[in-house]
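Hi everyone, thanks for coming. Let me put the structure up so that we can walk through it together.

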Amino acid sequence: MATRAPDRLAVPPNRPVRSRRLRRHLVHQLDVKGSPYAYVAPFFLLFSAFGLFPLAYTAWVSLHEWTLLSDEQTFVGLDNFRTLLADDYFWNATFNTLSIGVLSTAPQLLLAIWLAHLLNRPLRAQTFFRITLLLPNVTSVVAVVVIFSQLFGRDFGMINWMLSWFGVGGVAWNEGVATSHAAISVMIMWRWTGYNTLIFLAAMQAVPRELYEAATLDGASGFTQLRKITIPMIRPTTVFVVITSTIGAMQILAEPLLFGSYSISGGPDRQYQTLSLFIYENFTKLDFGYASAISWMMFAFIVLVAGVNYLLTRRAKGGLT
Amino acid sequence: MRKLRQRFLTPMVAVSALAMSLAACGGDGGGDGGGTTGSSAAASQPGEKIKLTVALFSDFHYAPLYEEFKKTHPNVEIVERRSQFNDHHTNLITQLTTGAGAADVVAVEGGYVGAFTPVPGKFYNLKDYGLDKRQSEYLDWKWQLGVSNDGSSLMGLGTDVGGLAMCYRPDLFKKAGLPSDREGVSALWPTWDAYVETGKKFVAAKVAGAKFTDGPGEHFRAMVEQAPVGFYDDQYKIVAGANPEVRKAYDMSVKIIDEGLSAKLAAFTPPWNTGIAKGTFATMVCPAWKTGTIKDQKPGEGTWDIAAVPGGGGNQGGTHLMLPKQGKHPKEAAELIDLLTNKESQIMLFKEASALPSLPVLYDDPAVADYVNPYFGNAPIGKIFTSAAKALKPQRVGPKAGDVLLAFNNGLQRVEQGKQNAEEAWAQALKDVGRIK
């Protein structure tokens, strides 16, 4: 309004008025164009300091033979990456990460959708059930792993004790590849299923009730409704959950580390050494150049796997027609 | 008038307050600067409060000693920081590199001392604070561990040494028809071969629910550390693969597995702790400080007893106290470690924390030599552990001895779990050692 006011003045604008108008106009322009950037700036400044800079610095370190206590670091170019691609242990860690990731994520998401579907009906004490679902997630990961490691113990573990009722002899859970991956996946599932259930539940509550009412009138069963209405309607949430779970699964560290009682090689045969553990091992050996190279490879893997999963989940569940 | 006063007085007060606080800062900084060159400035300011941080990796039972230090240094406040063993030394390296965050006094375990002795520039030279006068009191090999590789600097003062013994369960030995008294058991195994032979007899007696020993890892470590040369030679080069002593220790450990003596438990894991309490194995390698670990599992008084270790003496573990250059009060810090390691303190810590003194003069002191531990069937632990420490042949500990040991221990575990035979595991262990830079 104020900017328009001078237009209506019959007096021919003299110089000072014009310059004042110009200045006001500039300030206004600056406000419109500049302020939004100022508002989002704090995040980007923090992100640059704590996200972008470490990322770039890690890339720089990965091109060096970098040990901590000596003062000079030799530039070696892509040598670390070359060594890495020829390193059996690296591929072993990659395989373990993918294996534990698939074993924990796939059943977990199916279970979460199913649980959310059950909770999406009118229930007594709804809040109680929802809070209960979130409890495993707020439990400290250390506590979870310590308890589960006891359960999966070879000599005095509860799971082996229960298996003995069926005549199955003491399974050494952390010795084998398959058994240790299964045990670690169970810990991850226990912690994250409830969390994902709540996200699915939130999405499901946004699905219009009329669709279900119509389907019920048409005689569709609960399962059919889940398959034909709920799942297509919550597709964007599914994509989100799949991507966040994938990223989480690629970065698993605490569970295998603690499951192996602080064995940084992920068991004597590296049977459950994940990529994060492999990075950790090389960091504790103070081989920083190599550890940084692995970090960057892991970053590339995460982008790749998350991208593939995104395409798959988008394609697999067509829209509601 | 009022206005005038407001106009001029307020800024003047503000400026003078600022100037005063700046002066205070300057005084503080001056004290710090003086501290690094010998702390004459610190001494001239008796009212100045000094804070010393002490970084440890477990409870060293130092609290009463701090109180004693404060009696002579009323202006010093001591704050203790404890971190997890594995993280402790990595943290210290990071702090030294980034130049911030290190404590005034840091504990460095025997296996890690070698990681720091190549870089004396990062630590104060304790000779500058007159601590080299303590040399005559110390076990020579323990003293030498704390000297920098080039010999120019005294970097750390030893606290305890881990004299070796073998802990065993008298009840299980009795069940197996073996002698169960301390002297009788010690006589069973003058050598590691004899130890394995005893193990075979134990297995043949079929004691229900119990193996002869926990796992071969700690035995391997003990055997390597008994040799004159271990993983590193005198030039700090890794010689693990070429050293026949290491191979001998490895073969003996494989024999422990092959003869079915092992309960397949890696030391310091939760199932191993359960094993100590429930008695699923009858013997374990036992440096002095491990008696505390056993007690923590509450197996019951007299359940475990202590005999001599096969192969004579030996040492496992033990700690040094060092002063990183980042500390601002080296004089006080040096006085503190002098107190923490003196005779009275070491005797106190021996009784409190089973930390075996590194001052041989104390080994004949009745307070140590005649000390018996009621928890271990009145075992004369003073005599057992001191004779082990005295019999030790000093060995060069390299900067990454811990990583080398881990590679071999993983190999032994692969053999134990039936994943590889002894030769394959040995080859892979050497490959892993080769990756250590």
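So, which side chain of chain B meets Asp88(A) in a salt bridge? The partner is Lys431(B), with 3.9 Å from N to O. Please keep in mind that this is a predicted model.

That pair belongs to a count of two salt bridges between chain A and chain B. On the side of chain A that touches chain B, the elements giving two or more residues are α3, residues 88–119, and α12, residues 275–284. The largest share comes from α12(A), with three residues. Sorted by character, the residues on this side of chain A are 11 nonpolar, six polar and 11 charged.

Let's step back to the whole interface. Here 28 residues of chain A are in contact with 34 residues of chain B. People often give the size of an interface as the accessible area lost when the parts come together. For chain A and chain B, about 2700 Å² is buried between them, and 52% of that is on carbon and sulfur atoms. There are also nine residue pairs in polar contact between the two chains, counting pairs with both residues at pLDDT 80 or more.

Now for a pocket. The second largest one holds about 440 Å³ of space. It is lined by 20 residues, and the closest to its centre are Thr105(A), Ala106(A), Leu109(A), Val242(A) and Asn309(A). Which element gives the most to this lining? That is α3(A), with nine residues. Also giving two or more residues are α10 (235–250) and α13 (288–316) of chain A. The lining divides into 12 nonpolar residues, seven polar and one charged.

Thanks for listening!

Conventions: Residues numbered from 1 in each chain as written. Chains lettered and ligands numbered in written order. Predicted model: local features only at pLDDT ≥ 70, side-chain atom pairs only at ≥ 80, totals over all residues. Heavy atoms only, no water. Contact = heavy atoms within 4.5 Å. Buried area = accessible area lost by both parts, 1.4 Å probe. Salt bridge = Lys/Arg side-chain N within 4 Å of Asp/Glu carboxyl O. Polar contact = N/O pair within 3.5 Å; in protein donor to acceptor, adjacent residues only side chain to side chain. Helix = DSSP H or I, 4+ residues; strand = E, 2+ residues; numbered from the N terminus. Nonpolar A, V, L, I, M, F, W, Y, C, P; charged D, E, K, R; others polar. 1 Å grid on protein atoms, 1.4 Å probe; cavity = no way out; pocket = protein on both sides within 12 Å on 5 of 7 lines; lining within 4 Å. Points joined across faces, edges and corners; volume = space filled by probe spheres on them.
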